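Visitor: I should be grateful for a close look at one part of this structure, with its surroundings described afterwards.

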Amino acid sequence: MTPGRSLGSRLVYRLLWCVCLMAVVGCDTHSPRPVVRFWAIGREGEVLEELLRPFSQAHPEMNLKIERLPWTGAHAKLLTAVAGESTPDICQLGNTWVPELVALKALMPVDGLVSESATVTRTDYFEGIWATTQMRGVTYAVPWYVDTRLLFYRKDILKRAGFDHPPKDWAEWDQQLVAIKRLNPKNYSIFLPLNEFEPMVALGLQQATPFIDEAHANAQFNSTGFRNSMQFYMSLFERDLASKMTDQQISNVWTEFGRGFFAFYISGPWNITEFKKRLPKEVQDQWSTAPLPGPHGAGESIAGGASLAIFKNSAHAKEAWAVVEYLSQPAVQERFHELTGDLPPRRSTWLRPAIANDPYAVAFRTQLERVKPTPRVPEWEQIATELRVLAEHVVLGDYDLDEGLRRLNDNANRILAKRRALLADGVLL
Amino acid sequence: MNARFNGWWFAAPAVGILMVFFFLPILAAFALSLTDFDIYALADISRLRFIGLKNYIDLLSTPLFWKALGNTCWFVLLGVPLSLVTSILMALLLSSAWVRLKGFWRTSLFVPVVTTLVGSALVFRYLLHTRYGLINYSLSQLGFSPIDWLGNPQYSMPAIVLFAVWKNFGYNMVILLAAIQAIPIELYEAAQLDGAGPWQRFWHITRPGIAPTFTFVGILTVAGYFQLFAEPYVMTQGGPAQSTLSVLYLLYDEGFKWWNLGRASAIAFLLFLIIYVVTLLQRRLSPESQL
């Protein structure tokens with residue numbers, strides 16, 4: 001997630017180069033080889049060249065340019081590109097950014113293309129994931145890879161605490177957490193970094209009442225459901241089952257998980273590769289993944305990941321769509337999984353050997369049938385940050401949960417104020 | 001050709017550049033601070049609303065703004081005296097006759113100023129680590145219990161101050177050193193002949209000799225420390241529990257993370273006003289200043 005600094009300066013040169021390039025292309029509108037610019041982010045950007053090589057060879061009429069962005073700067077760069085009208089043709093888009101870019105009227109709806117496509121079969125995609133690319137019934141992107149949060153756990157510690165299977169629901173989870181704490185009071189049962197909101201969002205999504213109402217205008221953090229989730233989360237800190245730490249305060253997740261400093265950790269698919277690579281040898285066969293337990297039985301979790309979107313300003317939408325279709329083929333997605341460890345959004349890709357035989361991925365397959373998108377408003381990231389801040393204050397004892405929830409709801413509604421005004425004026429769809 | 005205007009011709013390029021790249025953007029930012037420019041306005045400028053002073057009123061009634069201002073003032077109150085005292089002590093040490101290898105020490109003490117902030121912040125994060133850090137290890141050797149420097153809201157700001165002072169004192173030190181060396185050596189010789197001790201020589205010769213420089217350095221340091229941003233950005237991301245969130249950090253969050261550019265501009269002007277008033281007070285309080 002944190003690419004080298006040199007990438008930044010290289011990026012500047014690339015952007016400059018693109019500007020020059022666009023000037024040249026702009027003069028010659030009947031260029032025989034249309035330039036299709038593809039913005040890719042992070043690790044995915046690194047493997048894309050290789051992944052797309054067969055496609056580029058099969059399409060000599062198209063000049064496909066892959067431009068890499070670091071995750072840390074990608075969001076700001078996208079917004080700047082929209083503001084400066086210098087958007088690429090295709091972009092890898094974090095699913096939570098879709099509402100923002102739709103609000104900016106930057107993306108091209110793809111419903112027509114999807115319904116005519118022989119490759120992109122809508123029903124083959126996990127529902128919760130497909131929903132993240134939709135705004136008011138219109139599809140703006142095609143899911144590329146998925147990300148959801150679930151449990152990573154230490155099998156050996158769980159066994160020593162007297163359990164031979166991961167938790168099914170909160171009650172069982174609670175018993176296991178308490179039993180693990182008893183093994184060694186100096187260690188913790190679970191690590192919930194205070195600087196992450198994702199675990200709380202996942203637990204909150206398991207309740208019936210959504211964070212924001214149907215009209216996408218009012219916050220609902222005062223619901224009983226959300227209060228229950230937060231109560232459960234807070235009780236882990238109150239009983240010292242979770243450490244009051246951010247992930248900056250431990251040496252790093254892998255070392256501490258290997259040492260047994262904590263036995264449960266809520267994280268996403270990228271950590272499968274990291275755990276395989278970084279955990280000490282003696283615990284390599286002592287860890288596994290499991291679906292996230294819910295209040296009553298298996299629970300829901302966040303529908304994350306990234307999608308492929310085509311920008312409205314693109315002059316080469318047809319060529320861009322061909323790229324999207326190519327990357328959506330199950331065989332290509334299987335290769336993509338081999339290169340990055342990213343999990344595919346299509347059920348048919350999950351049947352292919354390279355991924356069906358991955359024991360750590362199985363839990364994700366189960367979880368993916370039960371994922372929910374986060375609220376699709378551009379302000380979501382800011383509201384989620386308020387949630388993180390609230391939790392930190394409550395954990396540190398600055399105020400109690402009810403006061404915290406009241407503040408969270410007020411702040412979220414303040415953040416949504418402009419949206420409500422625009423909705424009332426009818427200027428916003 | 002009127003001689004009075006000749007000067008303006010020479011100054012014109014500089015004035016022009018200042019106008020275009022400094023005063024115009026400031027005016028634009030002020031105009032922006034009177035609107036609710038945000039992501040919706042970025043999409044469609046017709047969604048931009050002129051809201052007068054509402055951003056300012058909103059900010060002044062937001063607890064988070066006051067918290068950020070409180071944090072920033074706390075940082076200035078702790079950091080500026082500590083930084084100035086360290087600078088002057090080091091400058092005095094470096095100018096004293098019995099220190100050998102002056103060039104070496106001067107360079108070593110100045111090195112933190114020119115090292116990259118991110119790199120040294122990472123090292124400080126290791127040093128300040130609760131369980132594996134050298135600072136807590138030393139404290140435990142002295143019999144103190146470990147301090148959760150970057151995780152406890154009470155200690156996070158002192159930790160940031162420690163880092164900022166270490167990083168910045170060399171700059172002031174070099175300026176003060178130059179001022180000390182500019183004092184004629186004859187004054188010290190004459191005082192010594194008259195029987196003045198080291199303390200008397202410091203108080204009656206060095207102190208008045210460097211007073212104008214000291215005021216200057218003080219004003220620069222206060223103005224600089226009010227703009228606290230990079231240190232908490234790298235070390236704590238404003239946490240824990242917003243205890244290291246500074247005014248400038250709030251501006252960054254509002255403007256560049258959430259694209260509420262109207263609100264962010266308002267914060268910028270409030271911060272400017274605060275620094276302006278504090279600087280005026282500082283000048284008022286130091287009558288020997290010749291600035």
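Guide: Let us take a pair of helices in this predicted model. In chain B, helices α4(B) and α5(B) are roughly antiparallel to each other, because an angle over 145 degrees counts as such and the angle at which they pack is about 165°. Helix α4 of chain B covers residues 63–95, while helix α5 of chain B covers residues 102–114. Their axes lie 10 Å apart, and the crossing of α4(B) and α5(B) is left-handed. On the side of α4(B), the contact is made by B:Met90, B:Leu94 and B:Ser95; on the side of α5(B), B:Lys102, B:Trp105, B:Arg106 and B:Leu109 take part. By character, the residues of this contact comprise four nonpolar, one polar and two charged.

We may now turn from this pair to the place where the two chains meet. The contact between the chains draws 28 residues from chain B and 33 residues from chain A. Together, chain B and chain A bury about 2700 Å² between them, and 54% of that area is on carbon and sulfur atoms. Three residues, B:Tyr40, B:Arg47 and B:Trp258, provide 26% of the area that chain B buries against chain A, which is more than any other three residues supply. Charged side chains also take part: there are four salt bridges between chain B and chain A. One salt bridge joins the side chains of A:Lys105 and B:Asp44, with a distance of 3.4 Å from N to O.

Technical notes
Residues are numbered from 1 along each chain as its sequence is written. Chains are lettered from A and ligands numbered from 1 in the order in which they are written. This is a predicted model: local features need pLDDT of at least 70, side-chain atom pairs count only at pLDDT 80 or more; totals for chains, interfaces and linings use all residues. Side-chain values use heavy atoms; hydrogens and water are left out. Axes are lines fitted to C-alpha atoms, for helices over the stretch in contact, and angles run from 0 to 180 degrees between N-to-C directions. Helices (H or I, at least four residues) and strands (E, at least two) are DSSP runs, numbered from the N terminus. Angles under 35 degrees count as roughly parallel, over 145 as roughly antiparallel, 65 to 115 as roughly perpendicular and the rest as oblique. A crossing is left-handed if the near helix is turned anticlockwise from the far one by less than a right angle, and right-handed if clockwise. Contact means heavy atoms within 4.5 Å. Ala, Val, Leu, Ile, Met, Phe, Trp, Tyr, Cys and Pro count as nonpolar, Asp, Glu, Lys and Arg as charged, and the others, Gly among them, as polar. Buried area is the accessible area (1.4 Å probe) that two parts lose on being put together, summed over both.
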